[in-house]
Amino acid sequence: ATAHNGSRPDIKELLKTDEASEESTLGSIKEGAKGLLQNANQELGAVENVASQLVGSVVDKGVEIKDTIAETLTELKDAVFGQDATAQDVLEQTSESIGAGIDKGKQIAKKAAGKTVEKTEELKEKGQQVAKEVGE
């Protein structure tokens, strides 16, 4: 490259401007990187904040749901067993109900077995009678 006056530019001067230009460029890159890092940190802080709020919200909801379930179970217990019923009362009444259910089941089974025996006897007698008639 030649300067306007027709003389060649001084190599030392060109190298100096190149070094200055490089340093300027490096400085710009460093500043840009710093800015990006700061932005990234701010974004990360915002994300952490939102995540923290979400976790808090989920925990609050969980506690709320647990409380609702507990209230519902208490209301159910009160409705079925009475407001003054203790856990022991509930247990005893439930055991009694299960026991009564088992007893009722046994009664039904006995009746069914009895009827089955009766029917079997009837069929046996009829079978013997038919066998007699066929034999005669």
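# Two helices and their surface

Asp 18, Glu 19, Glu 22 and Glu 23 gather in a patch of negative charge on the surface. Here a patch is made of residues with over 30% relative accessible area and no salt bridge, like charges being joined within 9 Å and nonpolar side chains (Val, Leu, Ile, Met, Phe, Trp, Tyr) within 5 Å. The place of a charge is taken as NZ of Lys, CZ of Arg, CG of Asp or CD of Glu. One member of this patch, Glu 22, is placed in helix 1 and is exposed, with a relative accessible area of 54%. The word exposed stands for a relative accessible area over 50%, buried for one under 20%, and partly exposed for what lies in between (1.4 Å probe, protein chains only).

The model is a predicted one, in which local features need pLDDT of at least 70 and side-chain atom pairs count only at pLDDT 80 or more, while totals for chains, interfaces and linings use all residues. Residues are numbered from 1 along each chain as its sequence is written, and side-chain values use heavy atoms, with hydrogens and water left out.

With that in mind, we can turn to the chain as a whole. It has two helices and zero strands, where helices (H or I, at least four residues) and strands (E, at least two) are DSSP runs, numbered from the N terminus. Helix 1 covers residues 11–81, and helix 2 covers residues 87–135. Taken along the principal axes, the C-alpha atoms fill a box of roughly 150 × 60 × 20 Å. The radius of gyration of the chain is 48 Å, whereas a compact globule of 136 residues would have one near 14 Å; this radius is taken over C-alpha atoms, and the globule rule is 2.2 Å times the number of residues to the power 0.38.

How much of the chain is buried? Buried residues make up 1% of the 136 residues. The accessible surface comes to about 12,200 Å², and 59% of that area belongs to carbon and sulfur atoms; such areas come from the Shrake-Rupley method with a 1.4 Å probe, and for residues only the protein chains shown count as cover.

Distances between chosen residues add to this picture. Gly 105, which is placed in helix 2 and is partly exposed at a relative accessible area of 36%, is 57 residues from Glu 48 in sequence and 61 Å from Glu 48 in space, C-alpha to C-alpha. Lys 115, in helix 2, is exposed at 57%, and its C-alpha atom is 72 Å from that of Val 50, with their positions 65 residues apart in sequence. Within the second helix, Leu 123 is exposed at 62%, and its C-alpha atom is separated by 22 Å from that of Ile 108, 15 residues apart along the chain.

Nonpolar side chains also gather on the surface. Ile 65, Ile 69, Leu 73, Leu 76 and Val 80 form a nonpolar patch with about 490 Å² of accessible area together. Among them, Leu 73 belongs to helix 1 and is exposed, with a relative accessible area of 52%.

Charges of both signs occur along the chain, which has 17 positive and 26 negative side chains, the centres of the two sets lying 9 Å apart; Lys and Arg count as positive and Asp and Glu as negative, while His and the chain ends are not counted. Side chains of opposite charge can pair when their charged atoms come close. A salt bridge is a side-chain nitrogen of Lys or Arg within 4 Å of a carboxyl oxygen of Asp or Glu, and by this rule the count comes to five salt bridges.

One of these joins the side chains of Lys 66 and Asp 67 at 4.0 Å, N to O; Lys 66 is exposed at 54%, and Asp 67 is partly exposed at 34%. Another links Asp 78 with Lys 77, where the closest N and O atoms are 2.9 Å apart; Asp 78 has 22% relative accessibility, so it counts as partly exposed, and Lys 77 is partly exposed at 22% as well. A further salt bridge, between Glu 122 and Lys 119, has its closest N and O atoms 4.0 Å apart. Those two residues both lie in helix 2, three residues apart, about one turn of the helix, and Glu 122 is partly exposed at 39%.
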